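Colleague: I'm new to this one, so could you show it to me and let me ask a few things?

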Amino acid sequence: GHMAILRELLETQLLAVLGTHHEGEPYTSLVGFAASPDLKLLYFATGRATRKRANLAADARASMLIDNRRNHPADFSDAAAATAVGTVEEVEGPARAEFERVFLAKHPQLTDFVAAPSCAAMRLRVATYLVVTHFQHVIELHVET
């Protein structure tokens, strides 16, 4: 089902496109991400001085697109994509250990980056996933309780 497609996307893909905005101007960035086991949180790391972090500090609303395209014509029929919509907050205190466990299990090459004081650990608290298959078939999944 669609939850299985969603879980596979979140587990197999390494990068997501993060959508933020600054005073109504849209802005997108590629970020390494990892999902919490219940799929309610999407973790990513960013430098404290980045535009995306400044945007999120001003307005926490964000989206994240995860897809499995291969840049091939067959993608129009075969590729799946999920958009997560929610709010982003910095991960602080005891939750930071869980962030590191989940995020670094998927991105061990980013261990030094995550350990640096200049790195902010972030989480997107997902309200809704929109799962798109066959280029136009859209299913909406609500995950927040």
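**Around Met 64**

Modeller: Sure, and keep in mind that this is a predicted model. Let's start at Met 64: beyond its neighbours within four places in sequence, Met 64 is in contact with Ala 16, Val 17, Leu 18, Val 31, Phe 33, Leu 42, Phe 44, Ala 82, Thr 83, Ala 84 and Leu 124.

Colleague: Which residues touch the most other members of the largest nonpolar core?

Modeller: That core has 27 residues. General background helps here: in soluble globular proteins, nonpolar side chains tend to be buried together. The ones touching the most other members are Leu 6, Leu 10, Leu 42, Phe 44, Met 64, Leu 124 and Tyr 129.

Colleague: And which element gives the most to this core?

Modeller: Helix H1 (2–12) and strands E1 (15–22), E2 (25–35), E3 (41–47), E4 (61–67), E5 (80–90) and E6 (119–133) each supply at least two of its residues. The top contributor, with six residues, is E6.

Colleague: How many residues are in the other core?

Modeller: That other core lies apart from the largest one. Among its members are Ala 34, Tyr 43, Cys 119 and Ala 121. Its residue count is twelve.

Colleague: Back to H1: within what arc do its buried residues fall?

Modeller: The buried residues of H1 are Leu 6, Leu 9 and Leu 10. Seen down the axis of H1, they line one face of the helix, because they fall within an arc of 95°. On the other side of H1, the exposed residues include Glu 8 and Glu 11. So, for the buried face, the arc is 95°.

Colleague: What about helix H2, which residues are exposed on its other side?

Modeller: H2 runs over residues 51–58, and Lys 52, Asn 55 and Leu 56 are buried there. Those buried residues sit on the same side of H2 because they cover an arc of only 95° around the axis. What covers them includes E1, E2, E3, E4, E5 and E6. Exposed on the other side of H2 are Arg 51, Ala 57 and Ala 58.

Colleague: How do the lining residues of the largest pocket divide into nonpolar, polar and charged?

Modeller: The largest pocket has a volume of about 160 Å³. Its lining is made of Leu 65, Asp 67, Arg 69, Asp 75, Phe 76, Ala 79, Ala 80, Ala 81, Val 132 and Phe 135. E4, helix H3 (75–78) and E5 each supply at least two of the lining residues. By type, the lining divides into seven nonpolar, no polar and three charged.

Conventions. Residues are numbered from 1 along each chain as its sequence is written. This is a predicted model: local features need pLDDT of at least 70, side-chain atom pairs count only at pLDDT 80 or more; totals for chains, interfaces and linings use all residues. Side-chain values use heavy atoms; hydrogens and water are left out. A nonpolar core is a set of buried Ala, Val, Leu, Ile, Met, Phe, Trp, Tyr and Cys residues joined through side-chain atoms within 4.5 Å. Buried means under 20% relative accessible area, exposed over 50%, partly exposed in between (1.4 Å probe, protein chains only). Helices (H or I, at least four residues) and strands (E, at least two) are DSSP runs, numbered from the N terminus. Contact means heavy atoms within 4.5 Å. On a 1 Å grid over the protein atoms alone, a cavity is a set of points where a 1.4 Å probe fits but cannot get out, and a pocket is an open set with protein on both sides within 12 Å along at least five of seven lines; lining residues have an atom within 4 Å of a point. Grid points are joined across faces, edges and corners, and a volume is the space filled by probe spheres set on the points. Ala, Val, Leu, Ile, Met, Phe, Trp, Tyr, Cys and Pro count as nonpolar, Asp, Glu, Lys and Arg as charged, and the others, Gly among them, as polar. The arc is that of the directions from the helix axis to the C-beta atoms.
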